[in-house]
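Thanks for coming, everyone. Please bring the structure up on your screens, and we will walk through it together.

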Amino acid sequence: MKTKFQHLFDEKKRLKILVVGDLILDEYIWGSVSRISPEAPVPILESKSENLALGGAANVANNLVALGCDVYLVGGVGKDEKGDKLLELIGNRNIHTDGIFRFVHRPTTSKIRVIAHNQQVLRIDKEDNRPIMVETEKKIINYINETVPQMDGVICSDYNKGILTEKVTHTIMHRAKNAKKHVVVDPKGTDFSKYKGCTVITPNQLEVERVAPIKIATQDDLDRAAEYLISLAKAESILVTRGKEGMILYRKKKKPVNIPTVAREVFDVTGAGDTVISVFGMSLFSGFTFEEAARLSNMAAGIVVGKIGTAVVTLNELNQFLQEDMLRTSPTILEVEEAKKIVSLAKNIGKKVVFTNGCYDLIHGGHIEFLQKSRRMGDILILGLNSDESVRAIKGPSRPIKNQQERANILSALQDVDYIVIFNEKTPENLIRELRPDVLVKGNDYKIDEVVGREIVEAYGGRVALVPIVKGLSTTNTLDQILQHHKI
């Protein structure tokens, strides 16, 4: 997936994506609450700032633009001040607006969110969710018929505000099928049959429960409900989003794929569904598999919920998250070539790599404290571990006490050791030359000019650091004490 994702940066041709759905103006009032009103038991917000943002299908389009796509947006806004503001915002994002039509008899859909201390305390919705008038419907259908063949894919963002009528969705599915284009749908309402012929639908679990005639109490219930909805929509797949529990990807005649959430900190879930369908659609249209697209969209959701308000995710943010995820999930004990890739990934996202080395035979408290201090000097600690052959060459034929695999396994359980590379030479000089760490650490029982690899590291701009060691603690002393005790 990493290689495919990198192609999105290198691709000279921008993806052309048609987004059809309900356009919403998101309004934010930011402030603080420090007292309760004497008129009623309600908090008083001291307003400090206000801003506008793209919501609904417009936010899907906004996400896609941030991801480097060329977006054609289809929908409607009222002939009112909010409609003017929404069109201005859309135009400022370089989104194509030829498919946006003005309503005469209905207002622009808007949501006003009141935020205090980074928490949403109130939302006010202004909307008219009746189906659009026949005249507007015809204009939208004509635009879809003309535009779909030129697109790389279609995303339907249905907020149940009237745009995606049965005739409009039928036109999208029919035209896309003839043009051999994928259609990804974020559904609303209780009638998923109107999406018949789409490639993927992406409901959340609550929406699944509302639509499927199955009471969902267990995982098996959800599996059966998803199978029912795939059949109902005649879709190839369904991606069920489950909030803090992540996602489940279902495909015909294939085992469900559980994808756990990767959110580190959740501040605001506003617009997370828009981000999911944007990244999923972009990935699918770019040639990713269903599972790869789902995993990438899950990462994007993990990023966006860490932001306040309606937000988007960029390719650079996804790339960094993907690389950090690879760092988190890589095995601890590595071969040299694997370690070189890890170092490269770490440096690409601004991580400082620390290196130290040793035999670590009979690990004691001095070792632990030294590794803790070494880890604090950067973001990633790589430990060069002398192999059994190397230890014998240094310490003599009676060592090591523990073989290299045992020593590596024990060290890998320490939270301060990120990666371990076993080397055969007496010194780690060649390993240091290969890995090129930012910081080379040794104990202060050495002098700087005695540290093996110092000249290599300093030559490319790295540095050498000496860490105080715990006096009196060493493997040799530990062995002597054991032998002395045994004699007694």
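At what angle do the axes of helix α8 and helix α9 cross? Roughly 145°. This is a predicted model, so keep that in mind throughout. Helix α8 covers residues 272–285, and helix α9 covers residues 290–304. Their axes come within 8 Å. The crossing of α8 past α9 is right-handed.

Now the residues in that contact. On the α8 side, look for Ala-272, Thr-275, Val-276, Val-279, Phe-280, Ser-283 and Leu-284. On the α9 side they meet a set that includes Phe-290, Leu-296, Ser-297 and Val-304. Also in the α9 set are Ala-293, Ala-294, Ala-300 and Ala-301. What kinds of residue make up the contact of α8 with α9? There are 12 nonpolar and 3 polar residues, with no charged ones.

Let's zoom out. The protein chain has 488 residues, and 50% of them are buried. Count the elements and you get 17 helices and 19 strands. Take the contacts with a separation of 6 or more: 69% of them join residues 24 or more positions apart. The accessible surface is about 23800 Å². Carbon and sulfur atoms own 49% of that surface.

On to the sheets. One is an open sheet of 9 strands with mixed pairing. Read across, the order is β5-β4-β1-β8-β9-β10-β11-β12-β13. Its edges are β5, residues 96–103, and β13, residues 257–259. Each has a single partner strand, so one side of each is left without a neighbour in the sheet. For β5, there is a parallel pairing with β4, residues 70–78, over 6 bridges. Within that pairing, Tyr-72 has His-96 as its bridge partner. A helix also lies across this sheet. Helix α7, residues 219–233, spans β10, β11, β12 and β13. Against β12, α7 runs at about 50°.

The other sheet is open too, with 6 strands and parallel pairing. The order is β14-β17-β16-β15-β18-β19. Here the edges are β14, at 333–334, and β19, at 463–467. Again, each edge strand has a single partner, so one side of each lacks a neighbour in the sheet. Helix α14, residues 404–412, lies across β14, β16 and β17. Relative to β16, α14 runs at about 165°.

Let me stay with β18, residues 439–443. Is β18 mostly covered or mostly open? Mostly covered: 5 of its 5 residues are buried. In a regular strand, side chains alternate between the two faces of the sheet. On one side of β18 sit Val-439, Val-441 and Gly-443, and on the other Leu-440 and Lys-442. Those residues are all buried, Lys-442 included, and both faces of β18 are covered.

Which strands pair with β18? Strand β19 does, running parallel and joined by 5 bridges. Strand β15, residues 353–358, pairs with β18 in the parallel sense too, over 2 bridges. Val-439 is a good residue to click on. In β19, the bridge partner of Val-439 is Arg-463. From β15, Val-354 stands opposite Val-439. Further along, Val-441 stands opposite Ala-465 in β19.

That's the tour. Over to you.

Key: Residues numbered from 1 in each chain as written. Predicted model: local features only at pLDDT ≥ 70, side-chain atom pairs only at ≥ 80, totals over all residues. Heavy atoms only, no water. Pairing = 2+ DSSP bridges. Helix = DSSP H or I, 4+ residues; strand = E, 2+ residues; numbered from the N terminus. Contact = heavy atoms within 4.5 Å. Axes fitted to C-alpha atoms, helices over the stretch in contact; angles between N-to-C directions. Left-handed = near helix turned anticlockwise from the far one by under 90°. Nonpolar A, V, L, I, M, F, W, Y, C, P; charged D, E, K, R; others polar. Buried < 20%, exposed > 50% of the residue type's maximum accessible area, 1.4 Å probe, protein only. Areas by Shrake-Rupley, 256 points an atom, 1.4 Å probe, with all protein chains shown as cover.
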